[in-house]
Amino acid sequence: MNTKTAYLTKAALIAALYAVLTYAAAALGLAYGEVQFRFSEALTILPLFCPAAVPGLTVGCLVSNITSTVNPVDMAVGTLATLFAALTTRALKNVKLGGYPLLSMLMPVLFNGVFVGAEIAYFAGEGVFLQAFVPASLSVAAGEAAVALVLGSLLWFAINKNEKLQTILK
C-alpha cells in the first residue's frame, strides 16, 4: 500500500474510532461537561506509536464535538486542545520514566484541563471566570486523567507488548 494512503487510512480509522467511543460515552452522559469520561481519550497514547494518530485524534475530536452542549466553541477549543496534546505527546515519545511514557501521557490531561476548563469557566457567567477556572480545570483534568492514564496505560501496555500491533501502527 502507498505510504500516503496508509497514513490517511490510519488517521481516518483513528478518527472514526475516537468519534464512536466518544458517542458511546455521550450515550451514558459522560462525554461533555465539567466531568468527562470519554472512553476515546484512551486513544491519546496512539501518537506514541503512530504519527497518523495526530490528525486522526484531532479530526475525531472535531467530529465528536459537533454534538457537544456548546458545539461551535467546543469544536474549536476542544479540537485545539486535542491537537496540541497529540503534537506534544508525539514530540515527547522518547521521554520515559522507567520505560514508561508518563510525561507524554500527561499532555492530554494538561491541555484539556486548561483549554476545556477555560471554556467551561467562560460560560459560567460574567465576572466569575477566575473563580470558575480552577475548579473547572481540575474537574476536567481529573476525568481526563482517569481515562487517559488508566485506560490509556492499559492500551499502551497492550500495544507495547505486541510487535504486530506496533508494526501496523507505524
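This is a short dialogue on reading the pockets and cavities of one predicted model.

Student: Where do I start with a predicted model?

Tutor: Start with the confidence score, pLDDT, which runs from 0 to 100. Here the protein averages 94, and 99% of the residues score at least 70.

Student: Which element has the lowest mean pLDDT, and which the highest?

Tutor: Helix α6, residues 163-169, has the lowest mean, at 92. Helix α2, residues 53-64, has the highest, at 97.

Student: Now the pockets. How do I read one?

Tutor: A pocket is an open set of points, and its lining residues have an atom within 4 Å of a point. Take the largest pocket here. Its volume is about 240 Å³.

Student: Which residues line the largest pocket?

Tutor: K10, L13, I14, L17, L43, L46, L155, I159, L165, I168 and L169. Three helices give two or more residues each: α1 (3-27), α5 (129-160) and α6. α1 gives the most, with 4 residues.

Student: What classes of residue make up that lining?

Tutor: There are 10 nonpolar residues, no polar ones and 1 charged. The charged one is K10.

Student: What is the volume of the second largest pocket, and what lines it?

Tutor: The volume is about 150 Å³. The lining is L48, F49, K93, N94, K96, P101, W156, N160, Q166 and K170. By class, this lining has 4 nonpolar, 3 polar and 3 charged residues.

Student: And a cavity? How do I read that?

Tutor: A cavity is space where a 1.4 Å probe fits but cannot get out. This structure holds 3 cavities of 30 Å³ or more.

Student: What is the volume of the largest cavity, and what lines it?

Tutor: The largest cavity has a volume of about 80 Å³. Its lining includes Y18, Q36, R38, E41, C61, N65, T82, N112 and E144. The elements giving two or more residues are α3 (71-91) and α4 (102-122). The largest share, 3 residues, comes from α3.

Student: How do the residues of that lining divide by class?

Tutor: Into 3 nonpolar, 5 polar and 4 charged.

Student: How much space lies in the second largest cavity?

Tutor: About 40 Å³. E41, T44, L57, T82, A85, A86, T89, P108 and N112 line this cavity. Look for E41, T82 and N112, which also appear in the lining of the largest cavity.

Student: Which helices supply the lining of the second largest cavity?

Tutor: α3 and α4 each supply at least two residues. α3 has the largest share, 4 residues. By class, the lining has 4 nonpolar, 4 polar and 1 charged residues.

Definitions and conventions. Residues are numbered from 1 along each chain as its sequence is written. This is a predicted model: local features need pLDDT of at least 70, side-chain atom pairs count only at pLDDT 80 or more; totals for chains, interfaces and linings use all residues. Side-chain values use heavy atoms; hydrogens and water are left out. pLDDT is the predictor's confidence in each residue, from 0 to 100. On a 1 Å grid over the protein atoms alone, a cavity is a set of points where a 1.4 Å probe fits but cannot get out, and a pocket is an open set with protein on both sides within 12 Å along at least five of seven lines; lining residues have an atom within 4 Å of a point. Grid points are joined across faces, edges and corners, and a volume is the space filled by probe spheres set on the points.
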